[in-house]
Amino acid sequence: MLNIEEFDIKLDTDFIGRNFVFIEQLESTNSFLMENEFYQENGTVVISEYQSQGRGRRGREWNSMPGQNLTFSMLLVRPYRPPEINVLNLGASLAIAQSIENLYQLKVNLKWPNDVLIDNKKVAGILLDSASQGDRVSKVVVGMGINVNQSGFEGEFLFQPTSIRREFGQEVSRERLLSEILNNYEYIVKGSRYNAHKILQDWKSRCKLLGEKIQIVSEKETKYGIFDDIDEEGYLVLKSGEDYERISYGDVSLR
Ligand code: ATP
(Lines give C-alpha, C1' and ligand atoms only; values in the text may rest on other atoms or scores of the structure.)
Protein backbone atom coordinates (compact mmCIF):
# COMPACT_ATOMS: atom_id res chain seq x y z
CA MET A 1 0.00 0.00 0.00
CA LEU A 2 1.26 3.44 -0.90
CA ASN A 3 2.40 5.42 2.15
CA ILE A 4 0.95 8.88 1.52
CA GLU A 5 2.89 10.48 4.38
CA GLU A 6 6.22 9.27 3.03
CA PHE A 7 5.28 10.73 -0.38
CA ASP A 8 3.99 14.00 1.01
CA ILE A 9 7.05 14.79 3.08
CA LYS A 10 9.25 14.98 -0.04
CA LEU A 11 6.72 16.74 -2.23
CA ASP A 12 8.04 20.20 -3.01
CA THR A 13 5.48 21.50 -5.52
CA ASP A 14 3.15 24.47 -5.65
CA PHE A 15 0.27 22.74 -7.39
CA ILE A 16 1.03 19.30 -8.83
CA GLY A 17 -0.08 16.65 -6.35
CA ARG A 18 -1.48 19.13 -3.83
CA ASN A 19 -4.89 17.65 -4.59
CA PHE A 20 -4.08 13.95 -4.35
CA VAL A 21 -6.65 11.25 -5.04
CA PHE A 22 -5.90 7.60 -4.32
CA ILE A 23 -8.28 5.03 -5.79
CA GLU A 24 -7.42 1.39 -5.25
CA GLN A 25 -8.78 0.22 -8.58
CA LEU A 26 -10.26 1.89 -11.64
CA GLU A 27 -10.33 1.49 -15.40
CA SER A 28 -7.78 4.11 -16.32
CA THR A 29 -6.47 7.09 -14.40
CA ASN A 30 -6.38 9.14 -17.64
CA SER A 31 -10.01 8.34 -18.49
CA PHE A 32 -11.03 9.12 -14.92
CA LEU A 33 -9.61 12.65 -15.10
CA MET A 34 -10.79 13.26 -18.66
CA GLU A 35 -14.36 12.22 -17.93
CA ASN A 36 -14.87 13.25 -14.33
CA GLU A 37 -16.00 16.88 -14.15
CA PHE A 38 -15.79 16.83 -10.37
CA TYR A 39 -12.00 17.18 -10.46
CA GLN A 40 -11.10 20.59 -11.89
CA GLU A 41 -8.21 21.72 -9.74
CA ASN A 42 -5.00 22.35 -11.62
CA GLY A 43 -2.37 19.77 -10.66
CA THR A 44 -4.78 17.15 -9.33
CA VAL A 45 -3.10 13.75 -9.25
CA VAL A 46 -5.09 10.52 -9.41
CA ILE A 47 -3.17 7.38 -8.57
CA SER A 48 -4.39 3.82 -8.65
CA GLU A 49 -2.87 0.51 -7.61
CA TYR A 50 -4.68 -1.31 -10.36
CA GLN A 51 -6.05 -0.13 -13.71
CA SER A 52 -8.28 -2.65 -15.43
CA GLN A 53 -7.95 -0.80 -18.73
CA GLY A 54 -4.60 0.98 -18.53
CA ARG A 55 -3.99 2.61 -21.89
CA GLY A 56 -1.02 3.47 -24.07
CA ARG A 57 -1.01 5.40 -27.31
CA ARG A 58 -3.36 4.33 -30.12
CA GLY A 59 -5.43 1.92 -28.08
CA ARG A 60 -2.40 0.01 -26.86
CA GLU A 61 -2.45 -1.39 -23.35
CA TRP A 62 -0.44 -0.59 -20.28
CA ASN A 63 -0.13 -3.55 -17.92
CA SER A 64 1.13 -3.18 -14.40
CA MET A 65 1.18 -5.49 -11.37
CA PRO A 66 -0.87 -4.03 -8.48
CA GLY A 67 1.07 -2.61 -5.56
CA GLN A 68 4.50 -2.69 -7.22
CA ASN A 69 4.61 0.16 -9.67
CA LEU A 70 3.32 3.67 -10.23
CA THR A 71 0.33 4.37 -12.47
CA PHE A 72 -1.09 7.84 -12.14
CA SER A 73 -2.37 10.86 -14.04
CA MET A 74 -2.09 14.60 -13.57
CA LEU A 75 -4.60 17.23 -14.55
CA LEU A 76 -3.30 20.48 -16.05
CA VAL A 77 -5.85 23.19 -16.62
CA ARG A 78 -4.81 26.42 -18.25
CA PRO A 79 -4.89 27.42 -21.91
CA TYR A 80 -1.98 25.75 -23.70
CA ARG A 81 -0.87 26.44 -27.25
CA PRO A 82 -0.21 23.32 -29.35
CA PRO A 83 3.63 23.58 -29.25
CA GLU A 84 3.45 23.67 -25.47
CA ILE A 85 1.67 20.33 -25.54
CA ASN A 86 4.71 18.85 -27.26
CA VAL A 87 6.89 20.25 -24.50
CA LEU A 88 4.57 18.80 -21.84
CA ASN A 89 4.72 15.46 -23.64
CA LEU A 90 8.49 15.28 -24.14
CA GLY A 91 8.96 16.90 -20.73
CA ALA A 92 7.00 14.12 -19.03
CA SER A 93 9.58 11.56 -20.14
CA LEU A 94 12.37 13.98 -19.22
CA ALA A 95 11.02 14.37 -15.67
CA ILE A 96 10.97 10.60 -15.21
CA ALA A 97 14.50 10.30 -16.61
CA GLN A 98 15.85 13.04 -14.35
CA SER A 99 14.19 11.45 -11.32
CA ILE A 100 15.63 7.99 -12.00
CA GLU A 101 19.08 9.51 -12.61
CA ASN A 102 18.95 11.61 -9.42
CA LEU A 103 17.73 8.87 -7.12
CA TYR A 104 19.40 5.74 -8.52
CA GLN A 105 22.25 7.03 -10.72
CA LEU A 106 21.06 4.90 -13.64
CA LYS A 107 21.64 5.96 -17.24
CA VAL A 108 18.33 6.71 -18.92
CA ASN A 109 17.59 7.20 -22.61
CA LEU A 110 14.57 8.75 -24.24
CA LYS A 111 12.83 7.67 -27.41
CA TRP A 112 10.68 10.19 -29.29
CA PRO A 113 8.11 11.21 -28.34
CA ASN A 114 8.06 9.95 -24.79
CA ASP A 115 9.35 6.45 -24.07
CA VAL A 116 11.73 6.08 -21.17
CA LEU A 117 14.40 3.41 -21.60
CA ILE A 118 17.16 1.93 -19.49
CA ASP A 119 19.65 -0.22 -21.34
CA ASN A 120 17.27 -0.15 -24.32
CA LYS A 121 14.41 -1.62 -22.29
CA LYS A 122 11.22 0.25 -21.51
CA VAL A 123 10.84 1.38 -17.91
CA ALA A 124 7.99 3.86 -18.35
CA GLY A 125 5.27 4.92 -20.75
CA ILE A 126 3.37 8.18 -21.02
CA LEU A 127 0.01 9.06 -22.44
CA LEU A 128 -1.36 12.57 -22.94
CA ASP A 129 -5.07 13.19 -23.42
CA SER A 130 -6.47 16.64 -24.00
CA ALA A 131 -9.61 18.66 -24.57
CA SER A 132 -9.75 21.86 -26.62
CA GLN A 133 -11.68 25.10 -26.69
CA GLY A 134 -11.21 26.90 -29.98
CA ASP A 135 -7.57 26.78 -30.97
CA ARG A 136 -6.39 26.43 -27.39
CA VAL A 137 -6.03 23.24 -25.42
CA SER A 138 -7.92 23.86 -22.21
CA LYS A 139 -7.26 20.66 -20.33
CA VAL A 140 -4.39 18.19 -20.48
CA VAL A 141 -4.20 14.89 -18.67
CA VAL A 142 -0.71 13.45 -18.40
CA GLY A 143 -0.64 9.76 -17.53
CA MET A 144 2.51 7.96 -16.44
CA GLY A 145 3.08 4.25 -16.00
CA ILE A 146 6.39 3.43 -14.37
CA ASN A 147 7.75 -0.05 -13.76
CA VAL A 148 9.18 0.38 -10.28
CA ASN A 149 9.45 -2.86 -8.30
CA GLN A 150 7.93 -5.41 -10.64
CA SER A 151 10.41 -8.25 -11.09
CA GLY A 152 9.16 -9.97 -14.24
CA PHE A 153 7.01 -9.23 -17.29
CA GLU A 154 4.92 -11.70 -19.21
CA GLY A 155 3.58 -11.31 -22.71
CA GLU A 156 4.83 -9.99 -26.00
CA PHE A 157 6.27 -6.53 -26.23
CA LEU A 158 7.67 -4.47 -29.06
CA PHE A 159 10.17 -3.13 -26.56
CA GLN A 160 11.36 -5.41 -23.78
CA PRO A 161 10.10 -4.03 -20.44
CA THR A 162 12.28 -3.56 -17.39
CA SER A 163 11.80 -2.04 -13.95
CA ILE A 164 13.91 0.21 -11.77
CA ARG A 165 14.33 -2.65 -9.32
CA ARG A 166 15.71 -4.90 -12.06
CA GLU A 167 18.20 -2.30 -13.20
CA PHE A 168 19.12 -0.91 -9.78
CA GLY A 169 19.37 -4.32 -8.14
CA GLN A 170 17.12 -3.66 -5.17
CA GLU A 171 13.61 -2.59 -4.31
CA VAL A 172 13.07 1.16 -4.25
CA SER A 173 10.59 3.51 -2.56
CA ARG A 174 7.63 4.24 -4.82
CA GLU A 175 6.70 7.18 -2.61
CA ARG A 176 10.11 8.84 -2.93
CA LEU A 177 10.14 8.31 -6.68
CA LEU A 178 6.64 9.73 -7.07
CA SER A 179 7.45 12.92 -5.19
CA GLU A 180 10.68 13.35 -7.17
CA ILE A 181 8.83 12.98 -10.48
CA LEU A 182 6.13 15.46 -9.50
CA ASN A 183 8.77 17.96 -8.31
CA ASN A 184 10.70 17.67 -11.56
CA TYR A 185 7.61 17.73 -13.74
CA GLU A 186 6.17 20.84 -12.13
CA TYR A 187 9.39 22.67 -12.96
CA ILE A 188 8.98 21.58 -16.58
CA VAL A 189 5.27 22.50 -16.71
CA LYS A 190 6.07 25.96 -15.36
CA GLY A 191 8.71 26.37 -18.05
CA SER A 192 6.71 24.91 -20.93
CA ARG A 193 6.19 28.33 -22.53
CA TYR A 194 9.32 30.35 -21.73
CA ASN A 195 11.90 27.69 -20.97
CA ALA A 196 11.05 25.28 -23.79
CA HIS A 197 14.50 25.60 -25.38
CA LYS A 198 16.31 24.31 -22.28
CA ILE A 199 13.74 21.55 -21.71
CA LEU A 200 14.14 20.34 -25.29
CA GLN A 201 17.95 20.52 -25.03
CA ASP A 202 17.81 18.35 -21.90
CA TRP A 203 15.50 15.94 -23.69
CA LYS A 204 17.76 15.76 -26.75
CA SER A 205 20.84 15.06 -24.65
CA ARG A 206 19.22 11.75 -23.64
CA CYS A 207 18.05 10.72 -27.12
CA LYS A 208 20.27 8.10 -28.73
CA LEU A 209 18.60 8.11 -32.15
CA LEU A 210 19.42 11.72 -33.01
CA GLY A 211 21.53 11.78 -36.16
CA GLU A 212 20.66 8.18 -37.04
CA LYS A 213 18.84 6.74 -40.03
CA ILE A 214 15.33 6.04 -38.83
CA GLN A 215 11.89 5.02 -39.96
CA ILE A 216 8.69 6.55 -38.64
CA VAL A 217 5.65 4.36 -38.84
CA SER A 218 2.13 5.72 -38.58
CA GLU A 219 -1.23 4.24 -39.59
CA LYS A 220 -1.06 6.08 -42.91
CA GLU A 221 2.53 5.55 -44.02
CA THR A 222 6.14 4.83 -43.20
CA LYS A 223 8.68 7.60 -43.66
CA TYR A 224 12.44 7.18 -43.91
CA GLY A 225 15.24 9.61 -43.30
CA ILE A 226 17.75 10.95 -40.83
CA PHE A 227 16.58 12.04 -37.40
CA ASP A 228 17.96 15.55 -37.82
CA ASP A 229 16.65 17.38 -34.77
CA ILE A 230 13.83 18.20 -32.41
CA ASP A 231 12.78 21.71 -33.39
CA GLU A 232 11.93 24.58 -31.05
CA GLU A 233 8.30 23.46 -30.91
CA GLY A 234 9.06 19.83 -30.07
CA TYR A 235 8.46 18.37 -33.53
CA LEU A 236 10.78 15.73 -34.90
CA VAL A 237 12.71 16.99 -37.94
CA LEU A 238 13.23 14.26 -40.52
CA LYS A 239 15.80 14.88 -43.27
CA SER A 240 15.48 13.00 -46.52
CA GLY A 241 17.83 14.15 -49.27
CA GLU A 242 17.68 17.94 -49.23
CA ASP A 243 14.19 18.00 -47.70
CA TYR A 244 13.29 18.58 -44.09
CA GLU A 245 9.93 17.55 -42.72
CA ARG A 246 8.39 18.22 -39.30
CA ILE A 247 6.76 15.15 -37.82
CA SER A 248 4.26 15.22 -35.00
CA TYR A 249 3.23 11.61 -34.78
CA GLY A 250 4.45 8.03 -35.24
CA ASP A 251 6.66 5.22 -33.97
CA VAL A 252 10.36 5.81 -34.47
CA SER A 253 12.90 3.04 -34.89
CA LEU A 254 16.36 2.53 -36.37
CA ARG A 255 16.32 1.63 -40.01
P1 ATP B 1 6.02 1.60 -28.04
O2 ATP B 1 6.62 1.33 -26.70
O3 ATP B 1 5.69 0.34 -28.73
O4 ATP B 1 6.80 2.59 -28.86
P5 ATP B 1 4.02 3.49 -27.30
O6 ATP B 1 4.98 4.60 -27.24
O7 ATP B 1 2.75 3.69 -28.02
O8 ATP B 1 4.61 2.17 -27.89
P9 ATP B 1 2.93 3.47 -24.70
O10 ATP B 1 1.71 4.11 -25.20
O11 ATP B 1 3.82 4.21 -23.80
O12 ATP B 1 3.81 2.98 -25.86
O13 ATP B 1 2.59 2.06 -24.03
C14 ATP B 1 1.96 1.02 -24.71
C15 ATP B 1 2.98 -0.03 -25.13
O16 ATP B 1 3.75 -0.48 -24.01
C17 ATP B 1 2.31 -1.26 -25.70
O18 ATP B 1 2.93 -1.54 -26.92
C19 ATP B 1 2.59 -2.40 -24.69
O20 ATP B 1 2.94 -3.59 -25.33
C21 ATP B 1 3.75 -1.90 -23.87
N22 ATP B 1 3.59 -2.16 -22.43
C23 ATP B 1 2.46 -2.40 -21.73
N24 ATP B 1 2.70 -2.51 -20.43
C25 ATP B 1 4.03 -2.33 -20.28
C26 ATP B 1 4.89 -2.30 -19.16
N27 ATP B 1 4.45 -2.48 -17.91
N28 ATP B 1 6.21 -2.07 -19.37
C29 ATP B 1 6.68 -1.86 -20.60
N30 ATP B 1 5.91 -1.86 -21.70
C31 ATP B 1 4.60 -2.09 -21.55
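The legends below describe close-up views of a predicted model.

**View 1. The ligand and the residues around it.** In this predicted model, the ligand is surrounded by 16 residues. Arg 57, Arg 60, Asn 63, Lys 122 and Asn 147 are the closest of these. Sorted by class, the shell around the ligand holds six charged, six nonpolar and four polar residues. Strand 6, which runs over residues 121-133, gives the largest share of this shell, with three residues.

**View 2. Polar atoms next to the ligand.** Three residues are shown with atoms that face oxygen or nitrogen atoms of the ligand. At Arg 57, a backbone N or O atom lies 2.5 Å from an oxygen atom of the ligand. At Asn 63, a polar backbone atom is 2.7 Å from a nitrogen atom of the ligand. At Asn 147, a polar side-chain atom lies 2.9 Å from a nitrogen atom of the ligand. The ligand taken alone exposes 610 Å², and the protein buries 93% of that area.

**View 3. The largest pocket.** The ligand sits in the largest pocket, which contains about 910 Å³ of space. This pocket is lined by 40 residues. Arg 60, Glu 61, Trp 62, Lys 122 and Phe 157 are the closest of them to the pocket centre. Two or more lining residues come from each of these elements: helix 2 (29-35), strand 3 (70-76), strand 6, strand 7 (136-146) and strand 12 (251-254). Strand 6 supplies the largest share of the lining, four residues. By class, the lining of the largest pocket comprises 17 polar, 13 nonpolar and 10 charged residues. Arg 60 and Lys 122 are also listed among the residues closest to the ligand.

**View 4. The second largest pocket.** A volume of about 410 Å³ is found for the second largest pocket. Its lining consists of 20 residues. Nearest the centre of this pocket lie Arg 57, Asn 89, Pro 113, Ser 248 and Tyr 249. Arg 57 is also among the residues closest to the ligand. Helix 3 (82-104) and strand 6 each give at least two residues to the lining of the second largest pocket. The largest share, four residues, comes from helix 3. The lining of this pocket divides into 10 nonpolar, seven polar and three charged residues.

**View 5. The peptide bond before Pro 113.** Trp 112 and Pro 113 are joined by a cis peptide bond. The omega angle of this bond is near 0°. Pro 113 belongs to the loop between strand 4 (109-111) and strand 5 (115-118). Pro 113 is also one of the residues that lie nearest the centre of the second largest pocket.

**View 6. The backbone at Arg 58.** Arg 58 has a phi angle near 50°. This value is positive, in a residue other than glycine. Arg 58 is located in the loop between strand 2 (45-51) and strand 3.

Technical notes:
Residues numbered from 1 in each chain as written. Predicted model: local features only at pLDDT ≥ 70, side-chain atom pairs only at ≥ 80, totals over all residues. Heavy atoms only, no water. Near = heavy atom within 4 Å. Polar contact = N/O pair within 3.5 Å; in protein donor to acceptor, adjacent residues only side chain to side chain. Areas by Shrake-Rupley, 256 points an atom, 1.4 Å probe, with all protein chains shown as cover. 1 Å grid on protein atoms, 1.4 Å probe; cavity = no way out; pocket = protein on both sides within 12 Å on 5 of 7 lines; lining within 4 Å. Sits in = over half its atoms within 2 Å of the grid points. Nonpolar A, V, L, I, M, F, W, Y, C, P; charged D, E, K, R; others polar. Points joined across faces, edges and corners; volume = space filled by probe spheres on them.
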